[in-house]
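Please open the model in a viewer and keep the selection panel at hand. The stops below are meant to be followed in order.

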Amino acid sequence: MAGSTTKSVHDIFESMEYGPASSSTATAQSWLESHSCALGLFINGAFVCPPDRQTCNVTDASGQRLCSTVCAADEDVSLSASSSLTGLKAWSELSCYQRAKVFQSFGSGLQRHSQCLAELCEMVQSPSSVSALVRLVQYYTGWAQLRDVHAPGWTPQGVVAVVVSDDCSLYSLLLKVLPALAVGNAIIVIPGCGTALPALLIGSLFHEAGLPAGALNVVTRKDLSLGIKVAQNPKINCVTYSGNKKEGEMLSRETAGWGIPVSLSLSANAVCPFIIFESADIDSAVDGVIETAFKKKKEWQWVLCVQESVWEGVVARLKLRMAGMKCLPLLAESDRHIVEAAVQEAQQQGANVMQPCPLPSSLSLYPPTVLCGVAPSCPCVVAPPPGPLLPMLSFRTAGEGLTIGNHSPHGQAASIWTEDLTLALESTKSLSVGTVWVNSHSVFDPSLCLSGVKESGNCTDGGREGLFQFLRPSLSPPLPRSSPLSVDYVKFGSTASRPPIPGGAESAGPARAPRSYLQLVGGRQCKSDSGSSVAVLAPDGSVLAYCPDGGRKDVRNAVEAAIKVQPGWKKKSPVSRSQALYSLAASLDLRKRDMAMSLQAQTGLSLEEAEREAELSISRLCDWAAHCEKAGGGVQSLPQSGSALSLPDPLGVVGVVLPDRWTLLSLVSLLGAALAAGNAVVMVPSEKHPLPALDFIQVLQSSDIPEGVVSIITGGRDQLTQAMANHSVMQAIWYWGSQEGCQYLQYTCCNPLKSLWLHCEEQGGSEGRGEGRDWALSHPSLLEEMWRQATQWKSVWIPTA
Amino acid sequence: MSARNPGMELDLEWVSKVRVNHQAVLKRAQQIQGRKLPKKQWQAAWHLRAVTCIDLTTLAGDDTPSNVHRLCLKAIQPVRQDLLESMGMHDKGITTAAVCVYPARVADAVKSLKAANSSIPVASVATGFPAGQTALKTRLEEVRMAVEDGASEIDIVINRTLALTGQWEALYQEIRQFREACGEAHMKTILAVGELGTFGNVYKASLVAMMAGSDFIKTSTGKETVNATYPVAIVMVRAIRDYFLRSGHKVGFKPAGGIRTAKDSLVWLTLMKEELGDEWLRPSLFRLGASSLLADIERQLYHYVTGRYAAYHELPMA
């Protein structure tokens with residue numbers, strides 16, 4: 001600034017430079033000073049500064065100290081957890097209207113202090129638009145008011161821990177906090193360094209707005225270990241995380257076995273395709289690229305995919321538009337050599353480097369860089385380094401462009417550019433990402449959900465769908481809290497079951513030779529791959545039958561068959577899926593008596609009870625058949641003009657480990673949900689009671705369900721669970737089984753990420769049906785829960801003028 | 001003026017491939033309007049730059065030699081001498097880029113400027129301005145006569161009938177003939193964007209006008225209901241960029257109509273700087289067609305120098 005004041009009018013008249021950007025931080029400074037530049041933890045409606053705690057210095061861009069925050073210790077965690085329980089009680093006892101009122105007054109408080117908040121975000125170098133945050137608050141004010149109308153039969157989870165990584169934005173943080181609060185949970189926020197100060201300010205603004213003390217506590221930290229400690233606290237009911245993949249994985253592993261559901265949104269640094277088709281308005285597309293790819297702090301790493309026929313035009317325009325650009329600051333000086341190495345490597349692989357200015361001497365700066373003509377295998381595409389780099393690759397046809405766009409473990413978002421409506425909608429369908437922007441990019445609105453596909457997350461944030469992350473059906477029991485067992489993650493499920501030996505105790509007498517059952521893999525009935533089988537015992541302990549002892553290879557074969565047919569099943573109209581499910585119900589109706597007898601023989605139920613279960617199963621299948629074609633997506637109303645769609649998509653291949661109780665009903669309930677949504681299913685029947693499921697194969701085969709969409713594999717539960725957990729194609733596992741199994745899945749399924757629905761059912765419990773889920777209930781909330789487990793949401797933006 | 005645009009063969013395939021996404025253009029325009037504008041001496045310098053790009057215009061039925069004379073003298077001394085002195089700009093040749101009048105007033109303007117010993121070019125509108133609904137023959141004759149009278153820049157209007165019915169070949173030929181009639185005089189082609197219907201048409205008309213050898217493309221006559229808007233300007237400057245990329249020739253841009261405030265002029269300069277770069281911030285490639293804009297800029301400069309807001313009578317009238 002010192003030199004700039006001496007610039008004469010004539011100098012500027014000649015150079016036509018913009019002049020310095022003036023930004024004041026006076027308001028935020030004075031807020032910090034009012035706290036003596038040492039912010040405590042925000043617990044129970046007040047700032048508390050426990051003595052003898054480590055502190056963390058928060059610095060601005062130039063490295064100057066702004067203030068300090070407290071690094072919470074164990075005592076602070078338990079203090080905030082008990083405060084949250086008090087807060088939860090007060091907050092959840094309020095009526096919907098009263099909660100909405102608090103939200104409303106928080107919204108106006110936010111607007112009043114928008115200057116302070118904006119400056120604060122600017123100071124900690126994670127700028128965010130306060131108007132977007134205000135819109136977020138307004139949106140969830142509505143849901144706070146409407147909770148009981150739109151989600152009857154659901155209750156809040158309880159105390160929710162919101163953990164974020166350092167690179168998570170304030171918007172993403174509030175996208176977790178606000179819906180959770182709106183439906184009546186109490187929250188403990190464990191912010192990262194970019195969000196600590198704004199989160200503390202928001203905590204105090206919420207308190208001023210009338211939020212009961214303790215309903216929102218903000219506990220600042222040094223590193224992620226505090227988030228793990230909070231999650232392990234027995235007073236917490238669920239954990240949700242937003243941020244980068246590495247820390248999310250760690251959080252998931254460290255909380256395995258604690259009996260706490262963890263949902264992850266791994267959007268930070270996701271790699272997203274930016275696809276320009278030849279039918280695009282190239283200039284607007286290039287504007288979009290310039291706007292989004294070369295920011296100091298970008299949400300995502302874009303990979304530019306350009307159709308060969310317009311490649312030259314895009315390159316020429318990029319060159320021209322970049323010509324006047326200056327170097328951008330890197331997040332850390334240490335990033336410089338990583339960026340340089342990546343550029344060099346791309347160059348060695350034949351990429352053409354486009355930079356508007358030479359490399360600066362300052363280590364903290366780097367010029368905006370386009371790497372033209374890299375291959376999809378180049379490390380800068382697979383794992384883009386931090387900094388203003390944009391890899392650019394070409395494709396020949398629209399189909400190939402989409403294949404390149406999909407060929408990535410990430411599934412956060414994509415931006416596609418074309419003036420051809422049909423191409424746009426077809427592309428939207430085939431991109432496996434949570435958000436598709438047509439002729440636009442990086443626009444958000446809370447009414448459209450943000451969800452990650454594949455490695456980008458296993459939950460849905462925002463929209464009406466996002467509320468259900470923080471609710472559970474009042475009728476379904478929460479996962480009981482537990483302490484982790486010592487599970488050997490390497491050996492879990494690897495002990496082969498003992499095959500029956502001739503003349504062994506399990507051999508039946510010659511009088512009544514037990515039948516040997518076959519399993520269903522890829523539409524064909526077959527023995528297990530290993531050829532061995534295990535004995536199934538009747539309630540009286542005698543050998544009832546032999547069933548295949550399936551293993552790793554059987555799961556593999558089933559998944560291979562499933563991914564072949566699943567796209568076709570998904571593509572079928574909901575109407576024909578519905579018809580197929582009706583035919584399954586009809587086929588079950590025909591074999592009702594056989595199934596009842598199979599149930600009776602296997603589980604020892606009275607024939608009357610078994611018949612009732614078969615009846616219920618038929619009706620449940622009809623429920624799903626009916627639901628299937630009625631539950632479509634919707635068009636959202638937005639503040640911007642244009643169309644925005646929210647579409648339900650199947651997850652892909654779902655693995656289901658079935659419970660021991662309600663053998664048939666649980667099977668058809670889960671199968672129906674998964675199939676109705678368009679998934680393929682690999683099912684593992686109860687180890688103890690597999691026969692009804694194996695008898696069900698006949699029912700399946702005489703229905704219109706396509707071959708291969710459903711596989712049923714029997715055998716050791718742990719063994720098969722282990723096999724499913726280690727198959728990356730499988731997108732979700734629904735598990736009823738041991739605590740050990742739950743712990744194993746939570747530990748294993750964070751990389752590659754799967755969505756998990758875990759239920760702990762202790763073996764050796766009573767044979768009765770009193771415990772756990774009552775499958776006979778068909779309350780709408782229970783069905784909706786299953787449907788939501790089977791579905792992921794895709795948001796599509798089609799802005800128009 | 002830089003090297004003139006010689007034009008090129010009409011490339012109809014290029015014209016037919018044009019695609020413009022309406023909402024993306026609007027968004028880009030919002031973005032540019034949302035940029036922080038320069039302050040303090042930066043603002044003063046930018047305002048002065050805007051002054052040098054103004055085509056000071058009077059296009060009214062009641063124009064007479066006396067008000068054209070006043071306009072010419074204002075063009076020579078657009079900002080009060082003492083204000084320029086205190087900014088150190090009095091000896092930097094600050095004048096407007098041109099004066100712009102009807103063909104019948106060209107002789108008056110040339111005379112006034114000559115008498116004041118100024119080399120400011122006189123621009124004349126022509127070709128049946130503003131509607132262009134006269135016979136081609138009379139439109140061509142009008143151009144020739146204005147050039148004979150001493151106009152060194154001719155602002156022609158295109159035949160909207162041809163553009164709207166997609167007769168690009170015919171439009172190209174007409175503009176070619178105008179260019180020939182202009183001779184040495186620079187040709188600015190007015191697209192009358194308010195009457196072209198869609199952004200796609202604006203883009204296509206811009207391309208055809210440039211292929212036919214226009215030195216400038218200009219948004220509007222100032223007589224349509226919709227004049228120079230930022231979104232339409234973005235479409236036109238993109239066409240200029242596109243043409244430059246293919247042919248290597250730089251074509252200028254002139255928004256006209258409805259540009260009244262000093263702040264508008266800063267946004268226009270920002271738009272040019274962002275979209276085309278610093279080269280398009282000089283009168284050789286950028287003009288602002290305006291009449292009342294100058295008064296507002298002068299008041300802003302008065303405020304910059306003195307810290308007070310001027311009454312209109314404190315600044316010389318045009």
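The tour begins with confidence, then visits chain B, the interface between the chains, and chain A.

**Confidence**

This is a predicted model. The predictor assigns the complex an ipTM of 0.91 and a pTM of 0.93. Colour chain B by pLDDT: its mean is 93, and 99% of its residues reach 70 or more. Within chain B, helix H5 (residues 81-86) has the lowest confidence, with a mean of 93, while strand S7 (residues 252-254) has the highest, at 97.

**The annotated lysines of chain B**

Select Lys218(B) and Lys254(B), which an unreviewed UniProt entry lists under "active site". They span 37 residues in sequence, yet no two of their C-alpha atoms are more than 4.5 Å apart, so they gather at one spot.

Start with Lys218(B), in strand S6 (residues 216-218) of chain B. Is Lys218(B) buried or exposed? It has 30 other C-beta atoms within 10 Å, and the cut-off for burial is 20 or more, so Lys218(B) is buried. Now show its contacts beyond four places in sequence: Asp155(B), Lys188(B), Thr189(B), Ile190(B), Leu191(B), Lys254(B), Ala256(B) and Gly289(B).

Move to Lys254(B), which sits in strand S7 of chain B. Lys254(B) counts as buried because it has 27 C-beta neighbours inside 10 Å. Setting aside residues within four places in sequence, Lys254(B) is in contact with Asp55(B), Lys188(B), Phe216(B), Lys218(B), Arg287(B) and Gly289(B). Lys188(B) and Gly289(B) therefore appear in the contact lists of both lysines.

**Where the chains meet**

Display both chains and select the contact between them. It takes 29 residues from chain B and 28 residues from chain A. On the chain B side, the elements that give two or more residues are helix H2 (22-33), helix H3 (40-52) and helix H11 (230-247). Coloured by class, this side of chain B has 13 nonpolar, six polar and 10 charged residues.

**The domains of chain A**

Hide chain B and colour chain A by domain. Domain 1 takes in 26-262 + 466-473, domain 2 takes in 271-456, and domain 3 takes in 520-632 + 647-762 + 778-799. Go to the boundary between domains 2 and 3 of chain A, whose centres, taken over C-alpha atoms, are separated by 40 Å. Here 14 residues of domain 2 are in contact with 10 residues of domain 3. Which element gives the largest share of the domain 2 side? Strand S20 (residues 435-438) of chain A does, with four residues. The residues on that side of domain 2 divide into seven nonpolar, six polar and one charged.

Next, overlay the UniProt annotation. The unreviewed entry places "domain: Aldehyde dehydrogenase" on residues 58-472 and 530-758 of chain A. Residues 58-472 are 42% helix and 19% strand, with end C-alpha atoms 38 Å apart. Residues 530-758 are 51% helix and 21% strand, and the end C-alpha atoms of this span lie 29 Å apart.

**Helix H3 and strand S2 of chain A**

Select helix H3 (residues 74-93) of chain A. At 1.5 Å a residue, its 20 residues should span 28 Å; the end C-alpha atoms are 29 Å apart, which agrees. Show the side chains of its buried residues: Asp76(A), Val77(A), Ser80(A), Ala81(A), Ser83(A), Ser84(A), Gly87(A), Leu88(A) and Trp91(A). These buried residues pack against strand S2 (41-43), strand S7 (159-164), strand S8 (186-190), strand S9 (216-218) and helix H9 (225-232) of chain A.

From the helix, step across to Leu41(A), placed in strand S2 of chain A. Leu41(A) is buried, with 26 other C-beta atoms within 10 Å. Beyond its neighbours within four places in sequence, Leu41(A) contacts Val48(A), Val70(A), Ala72(A), Asp76(A), Val218(A), Val219(A) and Thr220(A). Draw a distance from Leu41(A) to Ala586(A): the C-alpha atoms are 61 Å apart, and the residues are 545 apart in sequence.

**A loop in chain A**

Finish at Gln355(A), in the loop between strand S15 (352-354) and strand S16 (365-366) of chain A. With 17 C-beta neighbours inside 10 Å, Gln355(A) counts as partly exposed. Not counting residues up to four places away in sequence, Gln355(A) touches Pro367(A) and Thr369(A). A last distance, from Gln355(A) to Ala625(A), gives 57 Å from C-alpha to C-alpha, for residues 270 apart in sequence.

Key
Residues numbered from 1 in each chain as written. Chains lettered and ligands numbered in written order. Predicted model: local features only at pLDDT ≥ 70, side-chain atom pairs only at ≥ 80, totals over all residues. pLDDT = per-residue confidence, 0-100. UniProt positions renumbered as here; feature names shortened; annotations may be inferred. Buried ≥ 20, exposed ≤ 12 C-beta atoms within 10 Å, placed from the backbone. Contact = placed C-beta atoms within 7 Å. Domains from an automatic or database assignment. Nonpolar A, V, L, I, M, F, W, Y, C, P; charged D, E, K, R; others polar. Expected span 1.5 Å × (residues − 1).
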